Amino acid sequence: MVSVKLTKAQIIAKAKEFGAEFVGFASIDKWAKHADVAIEFYPQKIWSQTRTVVILGVPLWLSIEQTLSLAIAKEQERVTSDLLDEAAYRIALFLNNNGYPSVNIPCDSNGENIADFPTVTVFSHVWAAHYAGLGQNRALANWQHGTQWNLVSILSAFELECDQLGAT
Amino acid sequence: MIRRELSKAEITAAARKLGAELVGYAPVSRWEEYQNLREEFYPHHVWPLTKTVISLAIPSLFPIVETKISHLYRSQYNNTNSLLDKSAYMLAAFLNRNGHAAIPICRDGYGVGVLKEKPIAAFSHVWAGYYAGLGSIGWNHTLVTRQFGPRHRLVSVLTALEIEGDPMIEGNLCNKCRLCEKGCPTQSFSGNKQDKYSNMEKAACTNRRERFKGPFEHCGFCLKVCPIGEDRKLYKSTDISKYFNEAKSFAAWSSGVGANISEWRGR
């Protein structure tokens, strides 16, 4: 396994090549600092080597309220989820191949109707994106306010320098 | 159709760009030379123009394999299958576009129910991967690779282009520790150490899977207990004994008692 020093810009460029429109980074200390979710759902509890969560997003231009056809909105959800899952998996491989162990958490990390089953791991992409700056003005500069996003996360041993925090 | 000469390096680069992590080449002569399969399953019997089989693999990422059984693994399984099939299709299109006939063989496509009726696939990606030098045949009937052990998914592209075969793995990457046999909740594997690989009771494995549709259908103990693979070092997970404590509760899961369910009623 080759170890190559990667920059945040290189990861962003690769994620955009795979189709992501939003690429954000959240250091794991954000979960403890804000304590919005239960400790067992912190990224480092789900996978102990996690130091940074990389979040990818694509906008949903047709919200369910805006479209006349539920089928079209559902299809948009499926297409964007497929795109994000592939992009996240390939970013995890990209990081692995550069010496930073990483694993992607699929868009649908809990599944329908299975939250009651105790062995199922659940991870919130929404909180991860919030900690990565999605929802703040800077991240939304090029997007209409209120745009809905489909999201996915990659847990990575990659450690960001302090001045690299923030979102693109 | 313009025919353009393609080098092996160009094809490998195209496959990697499409997402393949491992790429290997097997001339059809290897099926005849080694005769591990019945003739009707040789690639040139499946499609007569075949001269070379290109074997592609992508890993099942280890931390998610370790969560088995879980919805996370099921999701990864579906996502990797989708990427594999897309990569194989697009690689076949790339070869066709350059004047070299090619077809992808999807990663499965028979469905568990059909497998139960007739437990044999039309084309074996595992043997193709073996002949293409990606790995060797494991005790648990998977292709054991140096990089990922058995934790990967495979697909094949059959092409009329003659390409030099990659060297096959010498010896056996599987050390026959038989942890897969010990950990299997359905006791599907048996045999003697001198056997190349185990006898596998496919119906036992399939029946369990069919019973637990949904997030619990993918068992995969035989994948996660395998000590082979550089992915274990990457993810710093070399303690295999912990799986056997899980196996005790997994046995309960298999019976439906531990999970307090008799069957999965979701989608």
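This is a short talk through a predicted model of a complex, covering the sheet of chain B, the long helix of chain A, the core, and one cysteine.

Let me start with how confident the predictor is. For the complex, the predictor gives an ipTM of 0.84 and a pTM of 0.87. Chain B averages a pLDDT of 86, and 84% of the residues in that chain score at least 70. There is one stretch I would ask you to treat with care, residues 252-267 of chain B, where pLDDT stays under 50, although the model has 22 contacts beyond four places in sequence for that stretch. Where pLDDT is low, the predicted coordinates should not be read in detail.

Now to chain B as a whole. Its secondary structure comes to twelve helices and eight strands, and buried residues make up 42% of its 267 residues. If we take the contacts in chain B between residues at least 6 apart in sequence, 75% of them join residues at least 24 apart.

Next, the sheet. Four strands of chain B form an open sheet, with antiparallel pairing, in the order β1-β2-β6-β3. The edges are β1, residues 22-27, and β3, residues 102-105, each of which pairs on one side only, and from one strand to the next the twist averages 25°.

Going across that sheet, β1(B) and β2(B) run antiparallel and are joined by six bridges, and B:Gly24 has B:Ser55 in β2(B) as its bridge partner. The pairing continues from β2(B) to β6(B), antiparallel again, over eight bridges, with B:Thr52 standing opposite B:Thr159 in β6(B). At the other edge, β3(B) pairs with β6(B), residues 152-159, in the antiparallel sense over four bridges, and here B:Ile103 has B:Leu158 as its bridge partner.

Why do we call β2(B) largely enclosed by the rest of the structure? The reason is that eight of its eight residues are buried. Looking at the two faces separately, B:Thr52, B:Ile54, B:Leu56 and B:Ile58 are buried on one side, while B:Val53, B:Ser55, B:Ala57 and B:Pro59 are buried on the other. Helix α5 of chain B, residues 71-97, lies across β2, β3 and β6 of that chain and runs at about 20° to β6(B).

Let me move over to chain A and its helix α4, residues 70-97. This helix has 28 residues and reaches 40 Å from its first C-alpha to its last, close to the 40 Å expected at 1.5 Å a residue. Its buried residues include A:Thr80, A:Leu84, A:Ala88, A:Ile91 and A:Leu95. What covers the buried residues of α4(A)? The cover includes α1, β2, β3 and β4 of chain A, together with α5 and α11 of chain B, so I would suggest viewing both chains when you look at this helix. After the helix comes A:Gly99, whose phi is positive, near 95°.

Among the elements covering that helix, β4(A) is itself mostly covered, with eight of its nine residues buried. Strand β4(A) pairs with β2(A) in the antiparallel sense over nine bridges, where A:Leu56 has A:Val152 as its bridge partner. Four bridges also join β4(A) to β3(A), the two running antiparallel, and A:Ile105 is matched there with A:Ser153.These residues lead us to the core. In soluble globular proteins, nonpolar side chains tend to be buried together. Here the largest nonpolar core has 96 residues, of which A:Ile55, A:Leu56, A:Ala88 and B:Leu56 touch the most other members. The largest share of this core, eight residues, comes from α5(B). To take A:Ala88 as an example, and leaving aside its neighbours within four places in sequence, A:Ala88 is in contact with A:Leu56, A:Asn104, A:Val152 and A:Ile154.

I will finish with one residue of chain B, B:Cys222, which is found in helix α10, residues 221-224. Is B:Cys222 buried or exposed? B:Cys222 is buried, because 25 other C-beta atoms lie within 10 Å. Not counting residues up to four places away in sequence, B:Cys222 touches B:Asn140, B:Cys180, B:Gly183 and B:Cys184. For the last of these, B:Cys184, the C-alpha atom is separated from that of B:Cys222 by 6.2 Å, with the two residues 38 apart along the chain.

Definitions and conventions:
Residues numbered from 1 in each chain as written. Chains lettered and ligands numbered in written order. Predicted model: local features only at pLDDT ≥ 70, side-chain atom pairs only at ≥ 80, totals over all residues. Buried ≥ 20, exposed ≤ 12 C-beta atoms within 10 Å, placed from the backbone. Contact = placed C-beta atoms within 7 Å. Pairing = 2+ DSSP bridges. Axes fitted to C-alpha atoms, helices over the stretch in contact; angles between N-to-C directions. Expected span 1.5 Å × (residues − 1). pLDDT = per-residue confidence, 0-100. Core = buried A, V, L, I, M, F, W, Y, C linked by C-beta atoms within 7 Å.
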